[in-house]
Each structure stands twice: as C-alpha cells, then as structure tokens.
Amino acid sequence: SDGMIVVHNLRTDRTVMRFEHHRHQRVNDVSFRTDGVPYLVSVADDGNIAVWNLKKRKLENIHYHAHAQKIVSAQFVDDENVLLTSSTDNALKMWLFDDEYQTGKMRLLKQRSGHGGVPNLCQFHGKMSLLSTGDDGTLRLSWIQRDIQCVSFGQSNKNFRRHFQGEANRITALQVTPSKSRFWSNVCTVHRECNKVFLWSTQRMSLDAKVLHPGMDARNVRSSANASTVAISKCGHFGYVGRESGVIDQYNLESALHRQHLGDAHSKRVLHLFLSLFNHVLISVAADNLIKFWNLNTLQCQHCVTLLADNAAATDGGGGNIAMAAYDAHSDLLAVATDALRVYLFDAFNG
C-alpha cells in the first residue's frame, strides 16, 4: 500500500531488489514479461503503467494516463510482448511492446470500453445502433448486433474544452437523426449549466466545430438562459432548443445560424420538444404545466393544453406537475406523466 515493490527469489529465500512506484501510489498489481525481455510492470491508483528493467535494476519507462481511473489488474500474455490491463474506468486495453530499442515504450493495440460513469441517456440511431451518454460526459455509439463495434466520439473541439475547462460535463439531453448525416452534423447535445448546444457527427464520429449559441441579445437573461432540451426536424435541416427560461430557439444545423426566436413560449423551463412526422407541428412541454402546439409555418401557437387541478383532463383530483413526456410521431400520440402518478394521453393531431 506504500508503493514499495519487492522482488524476492523464492529458491534462495532472499530479496533481490526493491522499487518504489511513482509518487508512492498504492500498487494494485504487477506482472513479469515472459518472452525473454527482463521487464516487470506495476499499476496503481494513478492510472499510470510503470515499466521496470530487472537487468538494469531501474525504472525503464512510465506510460502516463494509460487509464482514466485506477488500474486494478495487469497481465502479460505468456511468451508474448503483449500486456493486458483493466481499470475501474470500465475499459480493457491491450498494449504492445514493439520498440526495437527496448526503451520500455508501448502503444495501444486494442481496447474495449464502455462509459466510465453510470449511463443516464440513450437513444436509437436507426434500427441497428444506439447512442448513449453517462456521468463521464462521453458520447458513445454502439451497434446492437455487432458488439465489437462500440466507439466513443472525439472531443477535440477547442470551444468544448474552453467552456468546460478540460472537465467532461454531463449531457442532460440529446437528439439524433439519420437524415443528412453524410452532409453535416446530426446529433445535438445539451449539457448541464450550459447555454450552448453542441453538434456531433455520426459520420465522422467527432464533435463539430460549430456550436449553437443563444441567438438573441446575450445581455437578455431569458434569451441567454441555459439550454434544457433539444429537438431535430425529421428532414435534418433544423434544430430547436428549449431553455430554462421558457424560450424556444430555431437553428439551421448546416450553418449553426439562429433562425427564429419564441421569447414568450413558456414562463418556466421547457422540459421537452417534439416534432410531427412531416415537420408541420412543434410540441412544447414545459414546467408551467402547459403543452403547446406550434404551427411551424407561422410559428404561432395553434392550441394550448393546461394540466391543472381544475382542468377537464384532471377531474379525478388534480393533475400535478409535469414530470416527463414522450411522443410517437407515427401515431401522433403524446403521453405526459405527472408527479401525481398520472399519465395523460393526447391526440397530437387534434391537439
């Protein structure tokens, strides 16, 4: 537990050498290389892999940040220059020692990994793949029938790192569409305590340089409020962002430019946004217990439903506050659940 590594000769019952792991971290596992090269590796809670040269009796190399969290196990494959490591970051990695100069350097050969934190959101992308995110702030795409294909989206955008200061910020809402995925970004993500919406591409498996910024005056508190939900039109051209202040914004996803602004859409947080199958109607569900149906051609509210105690839909003693909602575009049915343990089903076509 003090980071000390003791190499002991069992035949002669004597200690051959001692090493101290980097920064005296607790050593979780060690492994000997058995293909003729006198290497010993040690792994600890810091996520680094230390390579020791037993012949020279010194530290040969340290591979920093091999895992995002503590490494719990390391094992060389018998008679091969391949090392396997596993970590609490939910990753299994295979490393290859192929440096011809024998400097202890290694490179990542293969890896299998999942979310480093608890998954909290997932959505189907087509019929064969699943888009998911977790507490670690990463976005992953998994193929259902081919488990070997599970990849994480790259986060190299400077704006992303600048805003979150190098820390992964949890995704609170996401939306994906297969339409126009070959031409521009087709995934939108809303992040905790952030007024921007980030764009991702399933074609490039990376974060887009474009960001959906608040469209109106940044000094306006309602217009620049944090984003709370997002929706994408079925054609893939437009994105709709709901905000904590009740504002709804429309964007062009190809250019990331702001197009329309509904400043008085709701008085409280927009919980959900849904679009009809043919992009004729936008449905907004908010914390003010209002469900509004917007005509996308005129951007006028054509119908409004109130879930209150005196509402006809709640004659059994009160509707309660809206907790969540779901919409099926093919049947035009909207389901709304409240914290009073009731579920209401609406015909969205007729409002």
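## A tyrosine to start from

Let's begin with one residue. Tyr240 is found in strand S20, which covers residues 238-243. Keep in mind as you look around that this is a predicted model. Is Tyr240 buried or exposed? Tyr240 counts as buried because its relative accessibility is 4%, and the cut-off for buried is under 20%.

Now try finding Asn252 in the structure. Tyr240 and Asn252 are 12 residues apart along the chain, and their C-alpha atoms are separated by 9.0 Å.

## The cavity beside Tyr240

Tyr240 also leads us to an enclosed space, since it is one of the residues that line the largest cavity. A search of the whole structure finds one cavity of 30 Å³ or more, and about 30 Å³ of space lies in the largest cavity. Along with Tyr240, the lining is made by Ile248, Asp249, Gln250, Gln260, Leu262, Leu282 and Leu299.

Which strands supply at least two residues each to this lining? They are strand S21 (248-252) and strand S22 (257-262). S21 gives the most, with three residues. By character, the lining divides into five nonpolar residues, two polar and one charged.

## The largest pocket

Let's turn to the pockets. About 1200 Å³ of space lies in the largest pocket. It is lined by 42 residues, and the closest to its centre are Gln123, Leu174, Gln175, Leu273 and Phe274.

Several strands help to build this lining. Strand S11 (119-125), strand S15, strand S19 (227-232), strand S23 (270-275) and strand S27 (322-328) each supply at least two residues. The lining of the largest pocket divides into 22 nonpolar, 14 polar and six charged residues.

## The second largest pocket

How much space lies in the second largest pocket? The volume is about 410 Å³. Of the 18 residues that line this pocket, Ala91, Gln111, Ser113, Gly114 and Arg140 are the closest to its centre. The elements that give two or more residues to the lining are strand S9 (91-96), strand S10 (107-113) and strand S14 (150-152).

The residues lining the second largest pocket divide into five nonpolar, eight polar and five charged.

## A sheet of four strands

Strand S15, which helps to line the largest pocket, also belongs to a sheet. Strands of a sheet pair through backbone hydrogen bonds, either parallel or antiparallel. Here the sheet is open and has four strands in the order S15-S16-S17-S18, with antiparallel pairing. At the edges are strand S15 (171-176) and strand S18 (206-212), each of which pairs on one side only. From one strand to the next, the twist averages 30°.

To see one pairing up close, look at S15 and strand S16 (residues 187-191). These two run antiparallel and pair over five bridges. What is the bridge partner of Ile171 in S16? The partner is His191.

## A sheet of three strands

Strand S27, another contributor to the largest pocket, sits in an open sheet of three strands. The order is S27-S28-S29, and the pairing is antiparallel. S27 and strand S29 (343-347) each have a single partner strand, so one side of each is left without a neighbour in the sheet. Neighbouring strands of this sheet are turned by 20° against each other on average, direction ignored.

Six bridges join S27 to strand S28 (residues 333-338). Within this pair, Ile322 stands opposite Thr338 in S28.

## A hairpin

Strand S5 (residues 49-53) and strand S6 (residues 58-63) make an antiparallel pair over five bridges. Ala50 has Ile62 in S6 as its bridge partner. Four residues lie between the strands of this hairpin, where Arg57 takes a positive phi near 55°.

## A look at the cysteines

How many disulfides does the model contain? The count comes to zero. Cys301 shows the reasoning: the closest cysteine sulfur, in Cys304, is 5.3 Å from the sulfur of Cys301, so the two are too far apart for a bond. A disulfide needs the two sulfur atoms within 2.5 Å.

The surroundings of the cysteines can be checked too. Cys301 counts as partly exposed because its relative accessibility is 33%, whereas Cys194, at 1% relative accessibility, counts as buried.

Conventions. Residues numbered from 1 in each chain as written. Predicted model: local features only at pLDDT ≥ 70, side-chain atom pairs only at ≥ 80, totals over all residues. Heavy atoms only, no water. 1 Å grid on protein atoms, 1.4 Å probe; cavity = no way out; pocket = protein on both sides within 12 Å on 5 of 7 lines; lining within 4 Å. Points joined across faces, edges and corners; volume = space filled by probe spheres on them. Nonpolar A, V, L, I, M, F, W, Y, C, P; charged D, E, K, R; others polar. Pairing = 2+ DSSP bridges. Axes fitted to C-alpha atoms, helices over the stretch in contact; angles between N-to-C directions. Buried < 20%, exposed > 50% of the residue type's maximum accessible area, 1.4 Å probe, protein only.
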